[in-house]
Structures are given as C-alpha cells and as structure tokens.
Amino acid sequence: MADLRSIFIERAQATCPTIIFPEADSEMVALAGAKAAELGVCKSVLMGDADTIRGFVGDADVTIIDIDADTALVEELAAIYAEREDFPLEVAIDMMSSKINFACMYVAAGKADGIVCGYTCPTAEAVSAGQEFIGLAEGAAMPNAYVIVEPDNFDGGEDGMLVFADPVMVVQPNSEELACIATNTAASVEKLLGWEPRIAFLSYSTKGSGGSADAEKVRKAVEIAREKRPDLLMDGELQLDSAIVPGVSEKKIKGENVLKGTANILVFPDCDAGNITVKSVSMFANGGGTFAVMCGFAKPMGEISRRSDVDGMVFSTAVTAAQC
C-alpha cells in the first residue's frame with residue numbers, strides 16, 4: 001500500500017492538523033506521536049504523565065497534557081460540556097477524568113482537529129466517547145469503520161484495493177444499520193480516497209439464491225441504502241465472487257447486474273464475517289488491514305490496532321490527519 005501511504009502522508013503534511021493521542025503513557029503511542037510530529041504529519045498532543053512521556057520521546061516537539069496535574073484545563077472542558085448538555089458541572093468534571101472522554105471533548109472544543117486511539121482503549125469505549133462528546137456527522141445515524149486492503153495477486157476493485165465495512169464496530173447490524181454502514185463508508189471513501197463507490201452487500205446468497213432471514217436482511221438493506229443515496233452504484237445480496245470477479249458475476253446474476261463484478265466497497269453482513277475476512281487477508285494474502293478508518297463522526301477519529309508498530313500508527317495518524 002505504498003502509494004496510499006505516500007498520498008496520505010503528503011495530504012496530512014499539507015495542513016498539519018493537531019491530533020491528540022490519549023494513550024501516550026504507552027511508549028509505542030508516544031513514539032508514534034513524536035514521529036508523526038517530526039514528519040510534519042500533525043502537531044501531536046500526547047496525554048499522560050509528563051515525566052514518563054518525556055522519557056519516551058526526549059526533546060521531541062510535542063505538547064504534553066497530564067490531566068492529573070492540569071485541573072484548570074479539565075474544568076474548562078467540563079464546563080463547556082456541562083453548558084452544552086445542560087449537565088451538572090461536578091458530574092462533567094468526573095467524566096473528564098477519563099482520558100478518552102477528555103481527548104474527545106478536547107477535539108469537540110476545537111483544541112485539536114482529530115484523535116487517534118485504540119492501542120489500550122477498547123474500540124467500544126472509544127466509539128461511545130466519540131458519540132457522546134464529538135457527536136455524529138450531518139446525515140449519519142451512527143458511526144462505523146472500514147479497512148482498506150490490497151491483497152496479493154488481485155487486480156479488481158479499485159486498482160487492486162478493496163474497502164471492507166464494517167469489521168470492527170457494529171457487531172450484528174440490522175438492515176437499517178447495514179444501509180448506514182454503506183452510505184457512511186461511501187461518503188468517507190469519496191472524500192478520503194477519491195473513488196467512485198461501487199458497493200456490494202455481501203451474503204452467502206446471490207440475488208435470492210438463499211431464502212433465509214439473513215439474506216433477506218441484506219436485501220432490505222440495499223433497498224434502504226438506495227433510498228438514502230440513489231446516486232450510488234450498489235447491489236446485493238451478493239456472494240463475494242459475484243461481487244468482485246466479473247466472469248463469475250456474469251454467470252451467477254440473471255437480470256439487472258449493476259456492479260458486474262467490479263465492487264470496490266464490500267459491506268459484510270455482520271462483524272464476525274468482516275473481522276475474520278480482514279485478518280485472513282492480512283495474514284494470508286499480505287493485505288495490510290492493520291488500521292481501521294472510523295467514519296460517521298463530526299470530526300476525525302482514527303483507530304490504532306494492538307498489533308500496530310510505530311510505523312503503522314504513524315500511517316493511521318496520517319489517514320486521520322488527511323481527513324481533517
């Protein structure tokens with residue numbers, strides 16, 4: 001994924017937004033934040049114990065916030081949240097004692113342009129904080145995530161790349177949620193990658209070959225998504241080969257064939273299928289997939305995997321910064 005890496009880094013460098021890292025007590029995160037700042041990808045704000053972080057990054061040009069020491073900043077953000085939500089100040093101050101809550105509110109208050117997290121914080125906790133403090137993008141009913149993969153010896157999709165949604169956040173989506181995953185992902189892909197989305201809703205069934213409730217859920221999702229974004233190319237329910245192999249698509253799909261085996265966004269019927277597929281492609285087909293792009297939030301949130309190394313975290317930061 002060398003070309004994408006260069007594109008995202010260059011795009012991030014062009015604006016060099018401020019990104020906050022709430023897990024900088026972990027050495028890997030602190031080093032990634034420092035390296036991102038050194039490369040000009042972002043202005044890095046590292047959260048944690050100041051002495052610990054300085055021990056990790058030396059004299060790197062980063063901002064360090066220790067919420068245990070900077071009570072004035074905690075109270076400032078708590079007051080903004082309390083006023084916005086008509087919430088008791090003392091309760092808001094207690095909520096800001098969570099690093100992930102504080103970091104999301106820091107972004108919501110305009111003190112940073114985006115957040116990168118997930119190395120120690122469970123994804124569900126990060127998503128909950130993002131929804132509560134940052135809020136959702138206009139038109140988004142919920143957030144979701146997607147992963148960009150580039151499998152070996154694959155020349156379909158978009159120049160050999162595919163987007164998988166959602167392998168991280170929405171565990172058992174219903175039809176309405178699947179439709180939202182598709183439209184959120186399409187909007188993000190249009191902006192971030194510049195692709196024309198071609199969306200396949202995946203299933204074990206292709207266009208009615210399976211009659212189960214699971215297949216019907218996917219068919220209904222396509223109808224809902226088409227109502228929301230009639231301008232998008234999308235089809236389903238489709239088996240994987242029908243979605244991305246033109247020859248198979250031609251044989252299996254009778255009647256209208258919108259995608260003709262050229263899908264570049266694959267919407268999985270549930271998180272099990274998506275997550276297993278991402279990791280299989282990553283492990284067995286050299287497909288990357290070590291970072292997820294979160295979408296549907298009012299401001300960019302980037303996830304870093306527990307498997308990520310410093311370079312992988314810097315790339316995830318660049319992807320987040322490129323969206324700012």
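A polar contact is a pair of N or O atoms within 3.5 Å, of which, within protein, one must be able to donate a hydrogen and the other to accept it. I write this down at the start of my notes on a predicted model, since the entry on S175 relies on it.

**Entry: S175**

I looked up S175 and found it in helix α8. A polar atom of its side chain lies 2.8 Å from the backbone oxygen of K217, and I set that value against the limit of 3.5 Å. Setting aside the neighbours within four places in sequence, I listed the residues in contact with S175 as K217, K220, A221 and I224. I then asked myself whether S175 is buried or exposed. The relative accessibility of S175 is 6%, and because buried means under 20%, I entered S175 as buried.

**Entry: the largest pocket**

I turned next to the largest pocket, for which I noted a volume of about 430 Å³. I counted 23 residues in its lining, and wrote down A137, S188, C295, G296 and F297 as the closest to its centre. Two elements, α8 (175-192) and β10 (291-295), each give two or more residues to this lining. Which element gives the most to the lining? I found that α8 does, with 6 residues. Sorting the lining residues by character, I recorded 11 nonpolar, 6 polar and 6 charged.

**Entry: cis peptide bonds**

I went through the omega angles and noted a cis peptide bond that joins A165 and D166, with omega at about -10 degrees. I placed D166 in the loop between β6 (162-165) and α8. I also noted that the peptide bond from G236 to E237 is cis, with omega near 5 degrees; here E237 belongs to strand β8, which covers residues 233-238.

**Entry: positive phi**

I checked phi as well, and noted N153, which is not a glycine and yet has a positive phi of about 55 degrees. N153 sits in the loop between β5 (144-149) and β6. Its relative accessibility is 87%, so I entered N153 as exposed, the cut-off for that word being over 50%.

D159 went into the notebook beside it, for D159 too is not a glycine and has a positive phi of about 55 degrees. I located D159 in the loop between β5 and β6. Is D159 buried or exposed? With a relative accessibility of 70%, D159 counts as exposed.

Conventions:
Residues are numbered from 1 along each chain as its sequence is written. This is a predicted model: local features need pLDDT of at least 70, side-chain atom pairs count only at pLDDT 80 or more; totals for chains, interfaces and linings use all residues. Side-chain values use heavy atoms; hydrogens and water are left out. On a 1 Å grid over the protein atoms alone, a cavity is a set of points where a 1.4 Å probe fits but cannot get out, and a pocket is an open set with protein on both sides within 12 Å along at least five of seven lines; lining residues have an atom within 4 Å of a point. Grid points are joined across faces, edges and corners, and a volume is the space filled by probe spheres set on the points. Helices (H or I, at least four residues) and strands (E, at least two) are DSSP runs, numbered from the N terminus. Ala, Val, Leu, Ile, Met, Phe, Trp, Tyr, Cys and Pro count as nonpolar, Asp, Glu, Lys and Arg as charged, and the others, Gly among them, as polar. Buried means under 20% relative accessible area, exposed over 50%, partly exposed in between (1.4 Å probe, protein chains only). Contact means heavy atoms within 4.5 Å.
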